[in-house]
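Please open the model in a viewer and keep the sequence panel visible. The tour below proceeds by selection, from whole chains to a single element.

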Amino acid sequence: MGLKEKILVKSLWVFHISAGSCNNCDIEILDCLTPRFDIERFGMQLIGSIRHADVLLVTGAMNKKSAPILKDLYEQAPKPCFVVAVGTCPCSQHMFKDSYNTISSLDAIIPVDVYIPGCPPKPEAIIAGIAKLINKLTNDKR
Amino acid sequence: MKFILYFLFLFFSVSMGGIGWWLERKLTARFQYRVGPPWYQNFIDIMKLFIKETIIPQGASRILFILSPLVSLSSSLIVALILITDYFFKQNFIADIIVIIYLLIIPSLFLILGAFSSANPLALVGAIRETKQLIAYEFVFIVSLVIVIIKTGGSLFLSEIIERQMLGNIYFKSFSGLIAFILAFFYLQAKLGIIPFDTPEAEQEIASGVMIEYSGALLGFWKISKLLLYFSLPLFIIFLFLPGKFVDIIIKYFLLILLITVVKNINPRMRIKDVLEFFWFFLFPLGLIGIFLAINGY
């Protein structure tokens, strides 16, 4: 574990992308900022601009319109940048598997580091997912 | 020998700025019944920004885009150095207050230029708002400085203002001084871009506005510049209105941060029209009353 990772995991700035979700996962992400869960104590911040992002939280089933935008957003983010799939939809398309306008799951479009299944995942599950990401960063070298 | 001292002072003001900013975040968290970040959070954030990739957008004017955070950083460094050497060494030059005013305008000015050069529509909106705010608050701050200068008998030396108050009559305790302090306090709040006046960086509306295209090391320079302003602006206001011994000044600095945080947490964000009205039609007449009182010796 290098110094870079040590610094990086202590201040993960999170950018939240909704790629056509039903809003349930988005509400659960916002729950992580409330007094009960408070992820700011780990140095995580929800930020507004993609240029400041370290982690992309992607929710929702990708459809034909949002997939190219998502790809653009991933390219606009400064590297090193990590992607977390929140909810079952980006993990495995969920019930939109045979839908006419969805393309594929998230990992076919951009590389995904952590999957958080659930419909919607609880805030505890989201925090556990971020903890998984931190473990992944600190254990193996990128 | 003196150069080493200067570097120590700069290190001190950067770390004090970081602690002050952390205090603001931590107190905000405590007001909302949250735990809040650890004390080293701002330093870690800045270190992280320097290991990230720096992206320069395609349509941007490269020179201005790269230069503006550096100019802003250097001018805020000079302000911190002038203030501290004024206090400790009594080393000053003619009309250093006016130099400080100009140096304090430079970060905002280059923030506007950097936002304009970044070729982003949201940054453009933020830059326009910042321009309007700049016109609003600088005007009021100069009125407040005029009151202080009248009370000091027309002297433009910062060290003379400090010395005169150290002898006994602190300006904060007089009527006109109190009015001037109120004006300067709202200037401080607006200059640091804290909540009632954070329209140029409004995260919910225009996605951190003026900063939107800055990433990596360039954003890090902006953050260091803001860190320095977090220390040197309250310090300047303390020197103007309630100076004292060194330990007193540090305590007053933390109290001022506390006051800023309380105002931040009990107010919503103002619209830009309301900001202009507040500064021009409420604070400016108050400042005129203050000048009148100062001339008559109250």
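**Chain B as a whole**

Begin by selecting chain B of this predicted model: of its 298 residues, 47% count as buried. Colour the chain by secondary structure, and 11 helices and zero strands appear. Read along the sequence, the pattern is accordingly α-α-α-α-α-α-α-α-α-α-α.

Next, orient chain B along its principal axes; its C-alpha atoms fill a box of roughly 55 × 50 × 45 Å. The radius of gyration of chain B is 19 Å, which agrees with the value near 19 Å that a compact globule of 298 residues would have. If a contact map is at hand, consider the contacts in chain B with a separation of 6 or more: residues 24 or more positions apart account for 80% of them.

**Helix α11 of chain B**

Now select residues 272-295 of chain B, which form helix α11. This helix has 24 residues and reaches 33 Å from its first C-alpha to its last, close to the 34 Å expected at 1.5 Å a residue. Where does α11(B) bend? Centre the view on B:L283, where the bend is about 35°; a proline, B:P285, follows within four residues.

Show the side chains of B:I272, B:V275, B:F279, B:L283, B:G287, B:G290, B:L293 and B:A294, which are the buried residues of α11(B). B:L283 thus marks the bend and also belongs to this buried set. An α-helix has 3.6 residues a turn, so residues three or four places apart point the same way. To see what the buried residues of α11(B) pack against, add α5 (121-151) and α7 (175-191) of chain B to the selection. Finally, step past the end of the helix to B:G297, which follows α11(B) and has a positive phi, near 85°.

**Chain A**

Switch to chain A, whose secondary structure comes to five helices and five strands. From the N terminus on, these elements run α-β-α-β-β-α-β-α-β-α. The radius of gyration of chain A is 14 Å, close to the 14 Å that the globule rule gives for 142 residues, so chain A is as compact as a globular protein of that length.

Along its principal axes, the C-alpha trace of chain A spans about 45 × 30 × 25 Å. Of its 142 residues, 42% count as buried. Among contacts in chain A between residues at least 6 apart in sequence, 82% join residues at least 24 apart.

**Between the chains**

As the last stop, display both chains and select their contacts: 17 residues of chain A are in contact with 26 residues of chain B. On the chain A side, the residues touching chain B divide into seven charged, five polar and five nonpolar.

Notes:
Residues are numbered from 1 along each chain as its sequence is written. Chains are lettered from A and ligands numbered from 1 in the order in which they are written. This is a predicted model: local features need pLDDT of at least 70, side-chain atom pairs count only at pLDDT 80 or more; totals for chains, interfaces and linings use all residues. Two residues are in contact if their C-beta atoms, placed from the backbone, lie within 7 Å. Ala, Val, Leu, Ile, Met, Phe, Trp, Tyr, Cys and Pro count as nonpolar, Asp, Glu, Lys and Arg as charged, and the others, Gly among them, as polar. Helices (H or I, at least four residues) and strands (E, at least two) are DSSP runs, numbered from the N terminus. The expected span of a helix is 1.5 Å times one less than its number of residues. The bend at a residue is the angle between axes fitted to the seven residues ending there and the seven starting there. A residue is buried if 20 or more other C-beta atoms lie within 10 Å of its own, exposed if 12 or fewer, and partly exposed in between; C-beta atoms are placed from the backbone. The radius of gyration is taken over C-alpha atoms; the globule rule is 2.2 Å times the number of residues to the power 0.38.
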